[in-house]
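Me: Hey, can you walk me through this fold? I'm new to this, so plain words please.

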Amino acid sequence: MLNKLRLLTPGPTPLPEEVRLALAKDMIHHRKQDFVRVMERIQPGLQYLFGTTQQVLPLSCSGTGAMHAAVTNLFAPGEKVLVVEGGKFGERWREIAESQDLGVTSLVTENGHAVTAQSVREALDADPSIAAVLVQASETSTGVLHPVRELGAVTRDRNVLLVVDGISAVGISPCPMDAWGVDCLLTGSQKGLMLPPGLALLSLSARAWDKVRAVGPKNFYFNLLAERDKSLANQTLFTSPVNLLQGLAVSLDLFREQTLEGVFRKQWAMTAMVRAGAATMGLELLAKTHFTWGLTSIRMPAGIDSSVVLKAAAEQCGVVMAGGQGELKRCVVRLGHMGHVDWADALAGLHALKVGLAAAGGYSAARSYMEDAMAAYDGALEEGYPGMKA
C-alpha cells in the first residue's frame, strides 16, 4: 500500500484508462456486424500508425508469431537471408529462419552497437543470391536502434526485401513503412500500442505480396494471403481476440488525437530524460549512440548484480524494471519508458534505480540526477526529436 506499482519494463506496458474500459466491454461475436464495424474502424488507424497504404493484418499471436508468419510466407526452403544479429531478438530471426531451412548469413554486431548500412551493402554485394535482410528496428535486449531508413535505401533498388521487427518501435519511434522502403513491418500489442499481450500486426509492401504469391501458401494458420482477403472484407481468418481489437480501436484513436509527431516528441524526451539521469548517477549507458526510444539499457558497476537491484527497486519502491538477457543478464538494468508512461513515472524509475543500486552494494553520490533528468526532458520536448519536421 505504500507505493503505487509502476510497470517500467520493455513490455507489457501500462494501459490507459480508455483502453481498459474498452477491454471490459461486453463480448461481441466475431462473425457479426458489430465486429465488422470494429475492423472498419481500426484499419485506417493502423495504416496511419504504420505509415502505409497497404492493408495491416491483425494476427492472433505474440510478436514472435508475426515473425514466424513473415518468414514462412515470404521465403521458400533453401532461400538465403541476411540476419542482423545484435542481441536476443536478432538471434530469434536467425532461429526462425533456420527452422524453415533457409540459408542464413548472420551479420553480428557488438552489444550496444547498431548495424551500419555499409556493412549490409557489403554483405549483399558479396552474395547476390540473398533474398532479404531481417532486422529489428529496436533491439530491445540491448537498447539499440538500428538504422532502418538507411537500410531501406540499400535494399529498395535491389531484389532484396527488408523485413523489420518493429515490436518495440512502432508507436514509439518513427518507422514509416512506405517512405523508408520497408517491405514487411510487424509489431505486438503490448509495447507502444498500450494493450495487453496476445495480438500482433503485420503489413507487407506490394513487392512483398508478389513474393508471397510466388512462394505460395504452405502455412495453414498463418496464411497471409487468406488473411489479407478476410481483412479486406473487415474480417479475420480465424477467431480473433475480440476484446483486444476493441481496445486497439481506442488506442488508435489516442494516437490520432495526440498525433504521431506528438507521441514521438514525448518518447524522445523521455529517452533523453532517463539517459541524463542515469549519466548523472555515474552509470554507463550500454548504447552510446543509435539508442532505442522507450527503453534505456544501463550497465551496472563491476560487482553489482542487476537482479539484486531489480528486486530492491520492486520491493522498496514498487517499480518493476527488467534485467538484461543472455550474457547481459546480471549486469544490465533495462528501464522501460514506452507507451502510457510519463515523466513522473520515469523519475520514479530513476529513484528506484538509485535505491536498488545501494541495496546491491553500490553507491552514487549524485544529488541532482532528478533535476538533470527534468532539464533534459524539457529541452528535448522543446527542441523536438531528430528528423522532426520544422
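Reply: Sure, let's begin with a definition: two strands count as paired if DSSP finds at least two bridges between them. Keep in mind that this is a predicted model.

Me: OK, so how many bridges join β14 to β15, and which way do they run?

Reply: Two bridges join them, and the strands run antiparallel. One residue pair to look for is Gly323, which stands opposite Val333 in β15.

Me: What sheet has the order β11-β12-β15-β14, open or closed?

Reply: That's an open sheet of four strands, with antiparallel pairing. Its edge strands are β11 (284-285) and β14 (322-323), and each of those pairs on one side only.

Me: Which helix packs on that sheet?

Reply: Helix α11, residues 260-280. α11 touches β11, β12 (295-299) and β15, and its direction makes about 15° with that of β12.

Me: Now the seven-stranded one. What's the strand order there?

Reply: The order is β2-β10-β9-β8-β5-β3-β4, again in an open sheet, and the pairing is mixed. β2 (56-59) and β4 (103-108) are at the edges with a single partner strand each, so one side of each has no neighbour in the sheet. On average, neighbouring strands here are turned by 20° against each other, ignoring direction.

Me: What holds strands together in a sheet, in general?

Reply: Strands pair through backbone hydrogen bonds, either parallel or antiparallel.

Me: And in which sense do β5 and β8 pair?

Reply: In the parallel sense, over five bridges. β5 covers residues 130-136 and β8 covers 161-165. If you want a spot to zoom in on, the bridge partner of Gln136 is Asp165 in β8.

Me: Which strands does α2 lie across?

Reply: Helix α2 (residues 33-50) lies across β2, β9 (184-188) and β10 (200-204). Relative to β2, α2 runs at about 115°. Helix α5 lies across β3 (80-85), β4 and β5, and runs at about 155° to β5.

Me: Switching to helix pairs: at what angle do α5 and α6 pack?

Reply: About 25°, with their axes 9 Å apart. Angles under 35 degrees count as roughly parallel, and α5 and α6 are therefore roughly parallel to each other. α5 passes α6 in a right-handed crossing.

Me: Which residues meet there?

Reply: From α5 you have Ala117, Val120, Arg121 and Leu124, and they meet Glu150, Leu151, Val154 and Thr155 from α6. The residues of this contact split into five nonpolar, one polar and two charged.

Me: New topic. How many salt bridges are there in the whole structure?

Reply: A search finds 15. One of them links Arg6 and Asp345, with the closest N and O atoms 2.9 Å apart. Arg6 is in strand β1 (residues 6-7) and Asp345 is in helix α13 (residues 343-359), so the pair ties together parts that are 339 residues apart in sequence.

Me: Last thing: which peptide bond is cis, with omega near 0°?

Reply: The one from Gly11 to Pro12. Pro12 lies in the loop between β1 and α1 (17-23). Another residue to look at is Asp101, which has a positive phi of about 65° although it isn't a glycine. You'll find Asp101 in the loop between α4 (88-99) and β4.

Me: Why point those two out?

Reply: Because most residues other than glycine have a negative phi, and most peptide bonds are trans.

Note on methods
Residues numbered from 1 in each chain as written. Predicted model: local features only at pLDDT ≥ 70, side-chain atom pairs only at ≥ 80, totals over all residues. Heavy atoms only, no water. Axes fitted to C-alpha atoms, helices over the stretch in contact; angles between N-to-C directions. Parallel < 35°, antiparallel > 145°, perpendicular 65-115°, else oblique. Left-handed = near helix turned anticlockwise from the far one by under 90°. Contact = heavy atoms within 4.5 Å. Nonpolar A, V, L, I, M, F, W, Y, C, P; charged D, E, K, R; others polar. Salt bridge = Lys/Arg side-chain N within 4 Å of Asp/Glu carboxyl O.
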